[in-house]
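Hi,

Here is the structure I promised to pass on. Have a look at it first, and then read my notes below.

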Amino acid sequence: MAAILYVVVPCYKEEEVLPETAKRLCAKLEGMIQAGNISSASKILFVNDGSTDHTWELIRDLQSENPIFAGVNLSRNRGHQNALLAGLMVAKDKADIAISMDADLQDDIDAVDEMLEKFNQGFDIVYGVRSKRKKDSRFKRITAEGFYKLMGIMGVDIVFNHADYRLMSKRALEGLAEFKEVNLFLRGIVPMIGYPAATVLYERAERFAGETKYPLKKMLALAFEGTTSLTIRPIRMISVVGLLSFFVSIAMLIYFIIDYALGGTTAGWASTVVSIWAIGGLQLLAIGVVGEYIGKIYLEVKGRPRYIIEQILLDDGGSGEA
């Protein structure tokens with residue numbers, strides 16, 4: 001019996017690209033259904049992340065015109081990771097497989113076939129990995145690859161050059177549902193599930209329309225969010241730097257004692273000012289990093305919902321207010 005596939009597509013202000021995305025995904029899934037590769041109950045699930053444009057209106061129109069489309073409308077903007085999780089959790093209860101991808105048509109839709117083959121071979125998670133970055137600018141390539149390297153250095157288990165284009169089986173989705181943290185970084189959480197995983201290489205295209213939702217500023221914020229959500233290595237690094245600073249201060253003390261015993265004179269002002277600024281900066285940095293972790297603990301303890309679904313549109317009686 002063919003598996004039910006849900007393609008989960010988070011959307012935030014995607015009115016420019018959504019009609020073309022829907023057209024291409026619909027053609028892809030209908031072809032797979034006709035070939036008997038997936039069930040006729042398969043869906044394209046768009047998740048509206050509190051868009052302020054006409055994204056949700058377009059999703060409603062698509063769903064009313066063709067039952068292959070489905071929609072989830074969040075009550076407000078909760079960010080890409082929460083919107084993606086919302087869609088995956090809806091798919092968990094309806095599908096045998098879920099494939100997540102962005103709405104900008106940069107992910108190669110044809111890679112879905114190879115992902116499905118990997119699933120049929122027994123893999124619960126299949127990561128879509130970029131084979132090359134020739135179409136990126138030099139700056140974009142350096143910063144993007146630096147992001148993955150930085151995450152690795154910080155101790156985060158992450159698949160290099162993989163974003164959020166991946167296949168997950170039903171039991172992998174159920175495993176994901178066990179992670180209750182409010183501070184989400186799915187690229188780091190999914191590898192922690194631990195089920196058999198494989199990768200599929202694809203070449204990422206240029207964005208079809210609209211503006212990127214991940215400029216450098218957001219990439220840096222995502223890296224910091226992922227690091228502080230999944231590892232305490234930054235705090236350990238501060239401890240190491242503090243210990244090194246202590247040994248340096250001992251060495252300087254010995255130097256000044258010997259210098260004084262030999263009759264040397266020390267001006268003092270430069271070394272004093274530099275020391276004050278260096279130690280002061282280090283202390284502020286340490287307080288900031290520790291404060292970030294405390295803030296995350298604060299949010300986790302409150303246990304606020306990661307998202308609230310306002311409405312779900314499905315053709316199987318699943319429409320209604322949440």
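Two strands count as paired if DSSP finds at least two bridges between them. Keep in mind that this is a predicted model.

With that in hand, start at strand E4, residues 97-100. E1 and E4 pair in the parallel sense, over 4 bridges, and Val 8 stands opposite Ser 100 in E4. E4 also pairs with strand E6 (residues 162-169), this time in the antiparallel sense and again over 4 bridges. There, Ala 98 stands opposite Met 168 in E6.

Which way do the E4 residues point? Ile 97 and Ile 99 go one way, Ala 98 and Ser 100 the other, and all are buried. In a regular strand, side chains alternate between the two faces of the sheet.

Val 8 and Met 168 turn up again in the largest nonpolar core, which has 37 residues; both are among those with the most contacts inside it, along with Val 72, Leu 74, Leu 88 and Leu 176. Several elements each supply at least two residues of this core, including strands E1 (5-11) and E8 (309-313) and helices H6 (170-177) and H7 (186-193). The largest share, 8 residues, comes from H3.

Apart from that core lies another one, of 36 residues, with Leu 25, Phe 46, Val 112 and Tyr 165 among them.

One last stop is Met 168: leaving aside residues up to four places away in sequence, Met 168 touches Leu 88, Asp 96, Ile 97, Ala 98, Asp 124, Leu 173, Leu 176, Val 190 and Ile 193.

Cheers

Notes: Residues numbered from 1 in each chain as written. Predicted model: local features only at pLDDT ≥ 70, side-chain atom pairs only at ≥ 80, totals over all residues. Heavy atoms only, no water. Core = buried A, V, L, I, M, F, W, Y, C linked by side-chain atoms within 4.5 Å. Buried < 20%, exposed > 50% of the residue type's maximum accessible area, 1.4 Å probe, protein only. Contact = heavy atoms within 4.5 Å.
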